[in-house]
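Welcome! Take a moment to look over the sequence and the model, and then let us walk through them together.

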Amino acid sequence: MEKISFVGFSLGGLIARAAFPHLEHLQKKFYTFITFSTPHLGYMYNSNKLFDTGMWFLKKWNKSKCLAQLSMSELEKDVNQCLYKLSEMPGMAWFENIVLVCSN
């Protein structure tokens, strides 16, 4: 039997998760999902002041919706944010093995 595994780094892990519902027809072949440094929970709980300052600056300068959602600083309800919607999508349960390394 053929098996399909995914390896994602940083935002690539989130992109892979977003693609899973589109690959439902292959779910029986899903085997291992590995991510490295992927912000599955966003960047809300970072303890590095330099990183926090850089994120604040980039959000203000760029007016980036993506950065605002990753840092969980959106004023909208959590259910409207990308990470919340991603958590409700099917796909993760289809894997035999899941490894999240240095996950945020």
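## Buried and exposed

Before we start, one cut-off will help: a residue is called buried when its relative accessible area is under 20%, and exposed when that value is over 50%. Please keep in mind that this is a predicted model.

Phe 9 is a good place to try the cut-off. This residue has a relative accessible area of 59%, so Phe 9 is exposed. Phe 9 belongs to strand β1, which covers residues 4-9. On the surface, Phe 9 joins Val 7 and Phe 36 in a nonpolar patch, and together the three have about 340 Å² of accessible area.

## The chain as a whole

How many helices and strands does the protein chain have? There are four helices and three strands. Reading from the N terminus, you will meet them in the order β-α-β-α-α-α-β.

The protein chain has 104 residues, and 29% of them count as buried. Its accessible surface comes to about 7200 Å², with 62% of that belonging to carbon and sulfur atoms. Among contacts with a separation of 6 or more, 73% are between residues 24 or more positions apart.

## The sheet and a helix on it

Now look for the strands. Three of them form an open sheet, in the order β1-β2-β3, with parallel pairing. At the edges are β1 and β3, each of which pairs on one side only. On average, neighbouring strands in this sheet are turned by 5 degrees against each other, direction ignored.

Strand β2 spans residues 30-36 and pairs with β3 in the parallel sense over five bridges. You can also find Thr 35 standing opposite Leu 100 in β3. Helix α1, made of residues 11-19, packs on the sheet and touches β1 and β2. The direction of α1 makes about 140 degrees with that of β1.

## A closer look at Phe 95

Let us finish with another phenylalanine, Phe 95. Where is Phe 95 found? Its place is the loop between α4 (82-88) and β3 (97-101).

Is Phe 95 buried or exposed? Its relative accessibility is 9%, and buried means under 20%, so Phe 95 counts as buried. Leaving aside neighbours within four places in sequence, Phe 95 is in contact with several residues, including Ile 4, Phe 6, Phe 20 and Phe 30. Tyr 31, Thr 32 and Phe 33 are also among its contacts. Thr 32 lies 63 residues from Phe 95 along the chain, yet their C-alpha atoms are separated by 5.8 Å.

Methods:
Residues numbered from 1 in each chain as written. Predicted model: local features only at pLDDT ≥ 70, side-chain atom pairs only at ≥ 80, totals over all residues. Heavy atoms only, no water. Helix = DSSP H or I, 4+ residues; strand = E, 2+ residues; numbered from the N terminus. Buried < 20%, exposed > 50% of the residue type's maximum accessible area, 1.4 Å probe, protein only. Contact = heavy atoms within 4.5 Å. Patch = residues over 30% accessible without salt bridge, like charges linked within 9 Å, V, L, I, M, F, W, Y side chains within 5 Å. Areas by Shrake-Rupley, 256 points an atom, 1.4 Å probe, with all protein chains shown as cover. Salt bridge = Lys/Arg side-chain N within 4 Å of Asp/Glu carboxyl O. Pairing = 2+ DSSP bridges. Axes fitted to C-alpha atoms, helices over the stretch in contact; angles between N-to-C directions.
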